[in-house]
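Hi,

Here's the structure I said I'd pass on. Have a look at it first, and then read my notes below.

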Amino acid sequence: ALAGSTITVTFNGRVFDLPLLATRFRLARQPMPSANSPHFDVLTVARRLWRRRLGSCTLIHLERKILGFHRTAEDIPSWLIPILYQQYLRNGLVEPMTRVFYHNREDVLSMVALTAMLYRACLAVEGIAALHPVDWVSLGRVLEAAGDWTHAEHAYRQALARSLPDEIRRIAFVRLGWLLKRQERHQEAAALWEEWITSMPDSDVTPLLELAKYHEWHTHDIKAALTWSRWARYLVERWPLGLARDRALSDLDRRITRLLRKRGKAS
């Protein structure tokens, strides 16, 4: 059955199914036919795309939340399958094995459906499919890690154009800002930091510090850099007491001192 396959699709097969199969082939002194074929582990990609929104990415949870499918009472927990199989081998009990076949059949069918859903999600950047706002951020991270910065930027902008929880919106701002900076699109990044500040109340000083850096090193507007730095310090002073607050204040004091020195030299 495996001899003619060109790709292997599994759910958590990278750490379970394929190593188990490889061991079985070695014990049988046979080469594993699919050893060098591409392998698509649905669980790995599902976690990257959906865990931010769903938390759990077990197959049963994905069936319910992504596919809208609920198994019947005929299903059994996967941990029970080896026990039923051993009973079948010892006693020939066939009836419980029908539930094993039901479980395995639904596993495979769900894997096929989820693979199609993941494929469609990747086509969302081409405008072919729709995504949940939170999933746009996750897709952006996947594309960014793959080096596809153009589509990653599109994904982040799609996310920011929609309603998002504050913590997810903050991630989208940070990732898109860094993406623009890495491409030396500093003016666009500055506009994004300003949008962050005006669009959501936040004690995160990242956009303030980024604007201070932008004006110090790119526009050479020391007055603006000082304004953003002092605003950041004002927010940090209201953080809870602790090491993070102390370090942030120390860094900001050094920045403000340097900027004051630069302003003095300029005048």
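A quick bit of vocabulary before we start: a salt bridge here is a side-chain nitrogen of Lys or Arg within 4 Å of a carboxyl oxygen of Asp or Glu. Keep in mind, too, that this is a predicted model.

**Salt bridges**

The structure holds 22 salt bridges, and I'd begin with those of arginine 71. With aspartate 107, arginine 71 makes a side-chain salt bridge, at 2.6 Å from N to O. This pair ties together distant parts of the chain, 36 residues apart: arginine 71 sits in the loop between helix H3 (59-67) and H4, while aspartate 107 belongs to helix H5 (residues 95-122). Arginine 71 also has a salt bridge to glutamate 63, where the closest N and O atoms are 2.7 Å apart.

How covered up are these residues? Arginine 71 has a relative accessible area of 16%, so it counts as buried. Glutamate 63 is buried as well, with a value of 1%. Aspartate 107 is partly exposed, at 23%.

Another one to click on is the salt bridge between the side chains of arginine 258 and glutamate 216, which is 2.9 Å from N to O. Again the pair links distant parts of the chain: arginine 258 is in helix H12 (residues 243-266) and glutamate 216 in helix H10 (residues 206-219), 42 residues apart. Glutamate 216 is buried, with 2% relative accessibility, whereas arginine 258 is partly exposed, with a relative accessible area of 26%. Back at arginine 71, salt bridges that share partners join Glu63, Arg71, Asp75 and Asp107 into one network.

**Cysteines**

How many disulfides does the structure hold? Zero. Cysteine 57 is in no disulfide, and its nearest cysteine sulfur, the one in cysteine 122, is 15 Å away. Why is there no bond from cysteine 122 to cysteine 57? Because the sulfur of cysteine 122 is 15 Å from that of cysteine 57, its closest cysteine sulfur, and that is too far for a bond. For a disulfide, the two sulfur atoms would have to be within 2.5 Å.

Are these two residues buried or exposed? Cysteine 57 is buried, at 7% relative accessibility. Cysteine 122 is partly exposed, with a relative accessible area of 45%.

**Surface patches**

Two patches are worth finding in your viewer. Arg14, Arg47, Arg48 and Arg51 form a positive surface patch. One of them, arginine 48, lies in helix H2 (residues 42-54) and is exposed, with a relative accessible area of 53%.

The other patch is nonpolar: Tyr85, Tyr88, Leu89 and Val94 make up a surface patch of about 380 Å². Within this group, tyrosine 88 is found in helix H4 (residues 81-91). Its relative accessible area is 34%, so tyrosine 88 counts as partly exposed.

If you want a place to start, go to arginine 71, with its salt bridges to glutamate 63 and aspartate 107.

Cheers

Note on methods. Residues are numbered from 1 along each chain as its sequence is written. This is a predicted model: local features need pLDDT of at least 70, side-chain atom pairs count only at pLDDT 80 or more; totals for chains, interfaces and linings use all residues. Side-chain values use heavy atoms; hydrogens and water are left out. Patches are made of residues with over 30% relative accessible area and no salt bridge: like charges are joined within 9 Å, nonpolar side chains (Val, Leu, Ile, Met, Phe, Trp, Tyr) within 5 Å. Accessible areas come from the Shrake-Rupley method with a 1.4 Å probe; for residues, only the protein chains shown count as cover. Lys and Arg count as positive and Asp and Glu as negative; His and the chain ends are not counted. The place of a charge is taken as NZ of Lys, CZ of Arg, CG of Asp or CD of Glu. Helices (H or I, at least four residues) and strands (E, at least two) are DSSP runs, numbered from the N terminus. Buried means under 20% relative accessible area, exposed over 50%, partly exposed in between (1.4 Å probe, protein chains only).
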